[in-house]
Amino acid sequence: VHSLVQRWATIHELSIQAAMNCDRDAARHALFLDPHVRDLYDIEPLLEDILAATRQWLPAKWFA
């Protein structure tokens, strides 16, 4: 149970780091650890889809 909780805590920490710093690498790492992402080749397109869908609420730095 501890490893499962630790995994989700790490995903949340990376997601928060990504959000606070407009950090695509942290966002990619969070997606890499997410058990719902089954194919590593899906990470980059998934991140781009997420950013495009939420663009109106994100800082411009995400798209620089």
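## Three helices, worked through

In this protein, residues 24 or more positions apart account for 39% of the contacts with a separation of 6 or more; contact means heavy atoms within 4.5 Å. The model is predicted: local features need pLDDT of at least 70, side-chain atom pairs count only at pLDDT 80 or more, and totals for chains, interfaces and linings use all residues. Residues are numbered from 1 along each chain as its sequence is written, and side-chain values use heavy atoms, with hydrogens and water left out.

### Exercise 1: The outline

State how many helices and strands the protein has, and what its C-alpha trace spans.

*Solution.* Start with the secondary structure. Helices (H or I, at least four residues) and strands (E, at least two) are DSSP runs, numbered from the N terminus. The tally is 3 helices and 0 strands. Read from the N terminus, the order is α-α-α. Next, the dimensions. The C-alpha trace spans about 40 × 25 × 15 Å along its principal axes. Last, burial. Buried means under 20% relative accessible area, exposed over 50%, and partly exposed in between (1.4 Å probe, protein chains only). Of the 64 residues, 22% are buried.

### Exercise 2: The largest nonpolar core

Find which residues of the largest nonpolar core touch the most other members, and which helix gives the most to it.

*Solution.* First, the term. A nonpolar core is a set of buried Ala, Val, Leu, Ile, Met, Phe, Trp, Tyr and Cys residues joined through side-chain atoms within 4.5 Å. The largest one here has 13 residues, and Ala18, Ala27, Leu31, Leu47 and Trp62 touch the most other members. Now trace the sources. Helix 1 (2-21), helix 2 (24-33) and helix 3 (43-53) each supply at least two core residues. Helix 2 gives the most, with 4 residues. Then zoom in on alanine 27. Leaving aside neighbours within four places in sequence, alanine 27 is in contact with Ala18, Leu47 and Trp62.

### Exercise 3: Two sides of helix 3

Sort these residues of helix 3 into buried or exposed: Ile43, Leu47, Leu51, Asp49, Ala52, Ala53.

*Solution.* Ile43, Leu47 and Leu51 are buried. Look down the axis of helix 3: its buried residues fall within an arc of 65°, so they line one face of the helix. The arc is that of the directions from the helix axis to the C-beta atoms. The spacing fits a general rule. An α-helix has 3.6 residues a turn, so residues three or four places apart point the same way. Turn to the other side of helix 3, where Asp49, Ala52 and Ala53 are exposed. What covers the buried residues of helix 3? Helix 2 is part of the cover.

### Exercise 4: Salt bridges

Count the salt bridges, then find which of their residues form one network.

*Solution.* Apply the rule: a side-chain nitrogen of Lys or Arg within 4 Å of a carboxyl oxygen of Asp or Glu. The count comes to 3 salt bridges.

- Arginine 24 pairs with glutamate 48, the closest N and O atoms being 2.4 Å apart. This pair links helix 2 to helix 3, across 24 residues. Arginine 24 is partly exposed at 22% relative accessible area, and glutamate 48 is partly exposed at 30%.
- Arginine 28 pairs with aspartate 25 at 2.7 Å, N to O. They sit 3 residues apart in helix 2, about one helical turn. Arginine 28 is partly exposed at 24%, as is aspartate 25 at 47%.
- Glutamate 44 pairs with arginine 28, with the closest N and O atoms 2.6 Å apart. Glutamate 44 is in helix 3 and arginine 28 in helix 2, 16 residues apart. Glutamate 44 is partly exposed at 33%.

Now join the pairs that share partners. Asp25, Arg28 and Glu44 form one network.

### Exercise 5: A buried charge

Locate aspartate 34 and say what lies around it.

*Solution.* Aspartate 34 is in the loop between helix 2 and helix 3. It is buried, yet has no salt bridge. Which side chain of opposite charge is nearest? Arginine 7, at 6.9 Å. For this search, Lys and Arg count as positive and Asp and Glu as negative; His and the chain ends are not counted. Not counting residues up to four places away in sequence, aspartate 34 touches Arg7, Trp8 and Ile11. Finally, check the backbone. The backbone nitrogen of histidine 36 lies 2.7 Å from a polar atom of the aspartate 34 side chain.

How values were computed:
A polar contact is a pair of N or O atoms within 3.5 Å; within protein, one must be able to donate a hydrogen and the other to accept it, and residues adjacent in sequence count only if both atoms are side-chain atoms.
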